[in-house]
Amino acid sequence: MEKVNHTLKSVLPRAKELVKKMSLEEKASLCSGKNFWNTKEIERLRIKSMMVTDGPHGLRKQAGDSDHLGINNSVSATCFPTAVATACSFDRDLLYEMGIAVGEECVQEEVAVILGPGANIKRSPLCGRNFEYFSEDPLLTGEMAAALIGGIQSKNIGTSLKHYLANNQEKARLISNSVIDERALREIYLTGFEIAIKKAQPWTLMCSYNKINDIYASGHKLLMTDIPRGEWGFEGAIVTDWGAMNDRVEGIQAGLDLEMPAFDGASDRLIVDAVRAGKLDEKLVDLSAVRMTAIALQAEKTQATPYDAEAHNELARRVARESAVLLKLGNVLPVDKNKKIALIGEFAKVPRYQGAGSSKISPTRITSVTDAFDAENINYSFAPGYSATSDEPNEALITEAIGVAKVADVIFAFVGLPDSYESEGFDRTHLNMPKAHTRLIDELVATGKKIVAVISAGGVVNIPWRDKVDSILLMNLSGQNSGYAAYDLLFGDYSPCGKLAETYPLKLTETPSIAHFGTGGNIEYRESIYVGYRYYDKAQKQVMYPFGHGLSYTTFTYSGLKLSAKKIGDRDTLQVEVVVTNTGKQAGKEIVQLYISAPESTIYKPMRELRDFAKVELQMKESKTVTFTLERRAFAYYNINVKDWFVESGDYKIEIGASSRDIRLNDTVTVDSSQEGAIPDYRTAAPGYYNLLQPGTYDVPKEQFEEVLGRKVPEERILRPFTPNSTLGDIRVHWIGRMMNKQIEKSTMKMFAGDEGDSGDIVKMIQEMAVDMPLRQLGMLSQGALSVKRIEGLIDIMNGHILKGIRGLMKK
């Protein structure tokens, strides 16, 4: 497949010429939205308004009322598997192909930019939005994001890589402060974005809501300009997440180009007034105007054409099939289609196939497992076993399910997490499935029948009965054609080939960030670089399933590991070859993972790190040679003393594995480094980063974290006086604040009163987010009815400046 990526480079010269013809007001107008989803036009220069819409695993275009939370209806579009699933494919070409399809749907709907993909690291399995993110590993994250971006932009549709940066939890995401040491920031949280930008050049980069090391992302010049544009060569525009702008003038100075959404022109006036007052350099406004003009010019080249909905539905089936992970094989799968089959679990008929929030797509169709079985004339019996809207076991449903199961040869039990358990806007508090699901499995096990458990979830789940069932197939959130994908795999028409993109720990208390996750204010990333398998492997923790784990209906052997050299310089490349053979009785695909273990040092390091991967398809008895090319960065860590990536001299172990805990082959290469500089040594000041072999919860003492951080952890924010960044929760101490909170709660409940649909997750999302919503976001929440001046007036009144506040309330 020829890969074409339409970037902005070719239109930048014309954009610069057009900006020279603009007035200051016109340039400022391009720096904020026209409304919720559109940018502004400049008619006299024939610069058109553009529409941007939510993504990232499909198109969520709203034709009517607009929102950014998935509340109102959107046009029909193909709902592809979410990132929690597609990352498990480890398949760059597949993600590129999916991107093409998403781009084609944007073309038909005349959308210029789709908001995605998400490249945030899965710091904790509790993050409510993990279903939208790829992995705990930055390399896998970056490669998957780059592939999807490339596919979408091949259709001349822009993407918005998000949420930049360190937005790793939903709790207090609008006002929290991610406190991270520089090395972890570079190695873990920036690397995925870096890979995606360097490889695919997304048209836009979306800043997150939170602070990073005391500075809101929207005003963080180091992160908005110096690193992406200065170091990575990013050519596009930077846009806020919806309502993420803290200070508009500060944002322009930092390199933040587009504020979304906008309603009353207040931000445009702030920019113009600041320039005329000598507080803002007009050249910075010019830069933002050029970037926005370039996107408009590139976007106008796209002409609306229809897409093939049926072909996209079949692609969704294939993506889901390639992404499913066989956690446990047993001796049941694949199942003979002539067996007496019981489908147990409501998810078999009403599938859980996507997450809630801004990415919630209106699918073109939904194919459940029962739909697929019916279409293929498979004989089966069905019982729901539980209600997806209730946590508690339903004795009548369980009794019915046991009756159906007892007359079957094989039970397919469909369980997982319902919508109410995970969503944008709030985090999970545990990893358990509903009691109704666990109880159902226990009762089915008691029948003595063969059981294949099929799990649908947007993140890691506890599987306490994993040793009691025969097989476990993890579908994650596998899109609108998940039913047919499951059908393909359960009966062996295709062999499962996905691998876990995140570790399944045994206990939540053993996750490395648990002691400092889910709070507001400062979120201390005390675990530093020890995220996911980097921690579990170093700490030698037993896990339920390791990173990279995934089984198949066939077997593979690895042999013939060859390195192109036994000694290299730090500027040389190393070729690594390995032979993979299908030794089983069915065609299949294997994901070969290359890890590097660095030599012992005065700086703390993980046991191993993923440095490349390849997916290889093999017929029975077929062998193929897989070749990897390792460059300097594969051997480097970020040295804060030299402010650069640094390669130490020493022996590096090259490991080839089927997971991070299943290393099949290894060899050693000696690297001779030409770099000079002091290597950081925290062995005395912060020993908690060296000896991880401790029982219980991992929690580095604050003073040791501050040694690695290089400064004191900042003081928590002061609640008074009230400011635009005070939250609705903060102002409850004032009678006006209590009234405002009650009105928002009343409006939310009224909006969904009598709704028998799936609005429960949305109501919970809004209620959870409202507590932590800063007052500056009320303008967006009210869609412009509350202007900036009126919000400032309310703040003045609550701070005791009554007359000044009343005057503010009278202004538009």
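Proline 56 sits in the loop between β1 (52-54) and β2 (76-77). The peptide bond that leads into it from glycine 55 is cis, with omega near 0 degrees. The model is predicted. This briefing covers backbone geometry, a covered strand, an open sheet, aromatic pairs and a surface patch.

**Cis peptide bonds**

- Glycine 55 and proline 56 are joined by a cis bond, and omega is near 0 degrees.
- A cis peptide bond also joins glycine 116 to proline 117, with omega about 5 degrees.
- Proline 117 belongs to the loop between β3 (113-115) and α5 (138-153).

**Positive phi outside glycine**

- Glutamine 201 has a phi near 45 degrees, a positive value in a residue other than glycine.
- The loop between α6 (182-200) and β6 (204-207) holds glutamine 201.
- Is glutamine 201 buried or exposed? Its relative accessibility is 12%, so glutamine 201 counts as buried.
- Serine 528 has a phi near 55 degrees, again positive in a residue other than glycine.
- Serine 528 lies in the loop between β18 (522-524) and α16.
- Serine 528 is buried because its relative accessible area is 0%, and the cut-off for buried is under 20%.

**Strand β14 and its partners**

- Strand β14 covers residues 410-416, and seven of its seven residues are buried.
- Both faces of β14 are covered.
- One side carries Val410, Phe412, Phe414 and Gly416, and these are buried.
- The other side carries Ile411, Ala413 and Val415, which are buried too.
- Strand β11 (residues 341-344) runs parallel to β14, joined to it by four bridges.
- Isoleucine 341 has valine 410 of β14 as its bridge partner.
- Strand β15 (residues 450-456) also pairs with β14 in the parallel sense, over seven bridges.
- Phenylalanine 414 has valine 454 of β15 as its bridge partner.
- In general, strands of a sheet pair through backbone hydrogen bonds, either parallel or antiparallel.

**An open antiparallel sheet**

- Three strands make up an open sheet, in the order β20-β22-β25, with antiparallel pairing.
- Which strands are at the edges? They are β20 (556-563) and β25 (623-630), and each pairs on one side only.
- From one strand to the next, the twist averages 20 degrees.
- Six bridges hold β20 against strand β22 (residues 574-582) in the antiparallel sense.
- Phenylalanine 556 has asparagine 582 of β22 as its bridge partner.

**Aromatic pairs**

- The count of aromatic pairs comes to 28.
- Phenylalanine 373 and phenylalanine 491 form a tilted pair: the centres are 5.3 Å apart and the planes differ by 40 degrees.
- Phenylalanine 373 lies in helix α12 (residues 369-375), and phenylalanine 491 lies in the loop between α15 (482-490) and β17 (504-505), so the pair ties together parts that are 118 residues apart in sequence.
- Phenylalanine 373 and phenylalanine 491 are both buried.
- Tyrosine 535 and tyrosine 698 form another tilted pair, with 5.1 Å centre to centre and 35 degrees between the planes.
- Tyrosine 535 is in helix α16 (residues 533-538), and tyrosine 698 is in the loop between β29 (662-672) and α17 (702-709).
- This pair links distant parts of the chain, 163 residues apart.
- Tyrosine 535 and tyrosine 698 are both buried.
- Tyrosine 535 and tyrosine 698 also belong to one aromatic cluster, together with Tyr530, Tyr536, Tyr604, Tyr682, Tyr689 and Tyr690.

**A nonpolar surface patch**

- Which residues form a nonpolar patch on the surface? They are Ile802, Leu803, Ile806 and Met810.
- Together these residues have about 440 Å² of accessible area.
- Isoleucine 802 is part of helix α22 (residues 802-809).
- Isoleucine 802 has a relative accessible area of 43%, so it is partly exposed.

How values were computed:
Residues numbered from 1 in each chain as written. Predicted model: local features only at pLDDT ≥ 70, side-chain atom pairs only at ≥ 80, totals over all residues. Heavy atoms only, no water. Patch = residues over 30% accessible without salt bridge, like charges linked within 9 Å, V, L, I, M, F, W, Y side chains within 5 Å. Areas by Shrake-Rupley, 256 points an atom, 1.4 Å probe, with all protein chains shown as cover. Salt bridge = Lys/Arg side-chain N within 4 Å of Asp/Glu carboxyl O. Helix = DSSP H or I, 4+ residues; strand = E, 2+ residues; numbered from the N terminus. Buried < 20%, exposed > 50% of the residue type's maximum accessible area, 1.4 Å probe, protein only. Pairing = 2+ DSSP bridges. Axes fitted to C-alpha atoms, helices over the stretch in contact; angles between N-to-C directions. Phe/Tyr/Trp six-rings, centres within 6.5 Å; stacked < 30°, edge-to-face > 60°.
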